[in-house]
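This briefing turns to strand pairing, then to the make-up of one chain and to a helix in another. Please read it alongside the sequence and the coordinates shown here.

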Amino acid sequence: MGSATPLLEIRDLHASAGGVEIIKGLNLTVNPGEVHAIMGPNGSGKSTLANVLSGRPSVEVTAGSVRYQGSDLLALTPEQRAVEGVFLASQYPVEIPGVANSYFMKAALNAARKQRGEDPLDGMDFLAFAREKMKLVEFDEKLLHRSLNEGFSGGEKKRNEILQMAILEPKLAILDETDSGLDIDALRIVANGVSSLRSPERATIMITHYQRLLDYVVPDLVHVLADGRIVTSGGAELAHELEQKGYAWLQSEAAAP
Amino acid sequence: MAESSDAMLGRLAEREYEHGFVTDIDADSLPPGLDENTVRVISAKKNEPEWLLEWRLKGLKRFFELLDEGTEPTWAKVDYPKIDFQDIVYYSAPKQTPTLDSLDQVDPELLATYEKLGISLTEQKRLHGIAVDAVFDSVSVATTFKDELEKQGIIFCSFSEAVQRCPELVRKYLGSVVSQSDNFYAALNAAVFTDGSFAYIPKGTHCPMELSTYFRINAANTGQFERTLLVADEGSYVSYLEGCTAPMRDENQLHAAVVELVALDDAEIKYSTVQNWYPGDKNGVGGIYNFVTKRGSCRGARSKISWTQVETGSAITWKYPSCLLQGDDSVGEFYSVAMTTNRQQADTGTKMIHIGKNTKSTIISKGISAGNAEQSYRGLVRIQPSATGARNYSQCDSLLLGDKCGAHTFPYLEVKNSSSTVEHEATTSTIGEDQLFYCRQRGLSEEDAISMIVNGFCKEVLRELPMEFAVEAQALLGLSLEGSVG
């Protein structure tokens, strides 16, 4: 693991939603520069993990610790985590009628810039900045001027998440099943977005049910989540193994003490 | 961990009211109570002609009839203790020289009051291009830019002054849209109205600046009964704004105003309101009862009247700015944002009465409720048999913040001409935990997120407001939900 501080360090995490324990003793270390894939069957706790890391109020952490850049992540509000560089690409991006996509992104970017001690960008500067990023994810500028996600197709919503990620340049990006429901073209675009952020300072956690995204973005580490715990970890080849064998064989391992 | 969004919304809903100060000023007031003598005294104080006194007395007679019949309106979905109409002061005016030649003669306390509210009565703020008539308690205290407007033949002054200056215009149009016997509160207003604004835009004149009236209730126990009359002659245009605030007081105060608009052939009136009367405290103590009759008559062919309102104040609001679409091809519009928090109640909407051929109306109503507030949209669209080819589009959206507030929609559609088209759409939504979390995950605070979502919800209405007012309204909507986070 080296002597550098991990970007993210999760120790014996337990978390519940609606009074039901879903994460049951999870350990995970993510170092700067790494791309991790977290795979697992439905209900194994993948999205709950994403919600814990981003601070969704409906999820309750009952035990364990999460350190981010060496500090207690759980003590921060969702907005504090965001401006500290934690980004969640949502599985179900919400619609906000009447709020222009560009206005929303500019507000988000300026919140992060304020935290970094930088001056806010005005409308013109923001647009110039956003145009560069839009090229990267082949984003239609028309969508930038529409209400946030309102009337967007499923693919457009996901692409909008990736555009926001590209604009905000997070230190820790968490993609919660961003690939589900996407066609090959969209998948390639999402992969471009993730790859463009790959750098020695940043890290990405891709949560996915399927292996196919990992053909485009090759992860450094693959973890398999079952019944609230990581039951096995490995290199990119583990994903291929899962694709062939399915998840059924994991259930017995998860049940073991 | 973050608190639940319910607790947060609850806290945000308990907003502060920033205009709640009282100005200490000498006032000339009548004792509480209402009878024929009250009306005669008010009329005499204003040196009114006989016909106007007679007109008032007819209103008073009608009011007492309605009171005796027990026909005080109760159909609105609002709840309040019975008003004792003998317990109200019907006239209160700041003591000062009776006619003002210049602002130097205005009591400095009054000027300071308006400055404090962000309304400058000194004409130095020429860049703003807004002429202001300031109504303090029952009387107009100052009107700005009068001379400049007069050069174009535009009359903009207090109602009392108009009665002296152009009695024939007042007589011709007063009560022609809202008569003395129109309804309970309109009858009361006809009897005891003390002042208000009057504007006349001559033929073919495009009024070069926004006209505005700023209403301030100050005295305790005093009802405010102003009457506004705007007449846009053929081919003219005017944009008119009104704003209102009041001190924080523990008792409820009655505000029963009447606004009449008349648009002749090809004339257009744009009437915008930002209403921020004192809403009462979080337990529902105090606040203004805002029982107002506003109606415009599109009397001429191709005339247009547009009502835009942002309502965040008052303990109870009861108002239905309406359009009588009499002229062929005339157009009526109603754009409304009503926000109720704590224990505020609002029953508001519009009436579009289609009489002329090919008349068109648009209704966009946005209601926002938070805390324990109750809000109703009540709207009537009536297509008369004569209104061939009439069209209406109505859209009523409600946004609920928290789970203790309510929103209700009562659309009334009366269609008596089969060639017409009437459309009505209604939605109710909440600010979901998902929306809030999404915004916060992008680095926005809870308050910024709510303010952004609310402003987005109201966008179709806010964009109808004149620029300066839109900024004020947007700030007000944010402010109204502001809590003490952080």
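In this predicted model, strand 19 of chain B and strand 21 (residues 391-401) of chain B pair in the parallel sense, and 11 bridges are found between them. The points below begin with the surroundings of strand 19 of chain B and then move on to other topics.

**Strand 19 of chain B and its partners**
- Within the pairing with strand 21 of chain B, the residue B:Lys360 has B:Arg391 as its bridge partner.
- Strand 19 of chain B is also joined to strand 17 (residues 331-340) of chain B, which runs parallel to it, through 10 bridges.
- In that second pairing, B:Thr340 finds its bridge partner in strand 19 of chain B at B:Ser369.
- Because 9 of the 11 residues of strand 19 (residues 360-370) of chain B are buried, this strand is largely enclosed by the rest of the structure.

**Chain B as a whole**
- The secondary structure of chain B consists of 12 helices together with 23 strands.
- Of the 486 residues in chain B, 58% are buried.
- Among the contacts in chain B with a separation of 6 or more, 83% are between residues that lie 24 or more positions apart.

**Helix 1 of chain A**
- Helix 1 (residues 46-54) of chain A is mostly covered, with 9 of its 9 residues buried, and these include A:Lys46, A:Asn51 and A:Ser54.
- After helix 1 of chain A comes A:Gly55, which has a positive phi near 90°.

Notes. Residues are numbered from 1 along each chain as its sequence is written. Chains are lettered from A and ligands numbered from 1 in the order in which they are written. This is a predicted model: local features need pLDDT of at least 70, side-chain atom pairs count only at pLDDT 80 or more; totals for chains, interfaces and linings use all residues. Helices (H or I, at least four residues) and strands (E, at least two) are DSSP runs, numbered from the N terminus. A residue is buried if 20 or more other C-beta atoms lie within 10 Å of its own, exposed if 12 or fewer, and partly exposed in between; C-beta atoms are placed from the backbone. Two residues are in contact if their C-beta atoms, placed from the backbone, lie within 7 Å. Two strands pair if DSSP finds at least two bridges between them.
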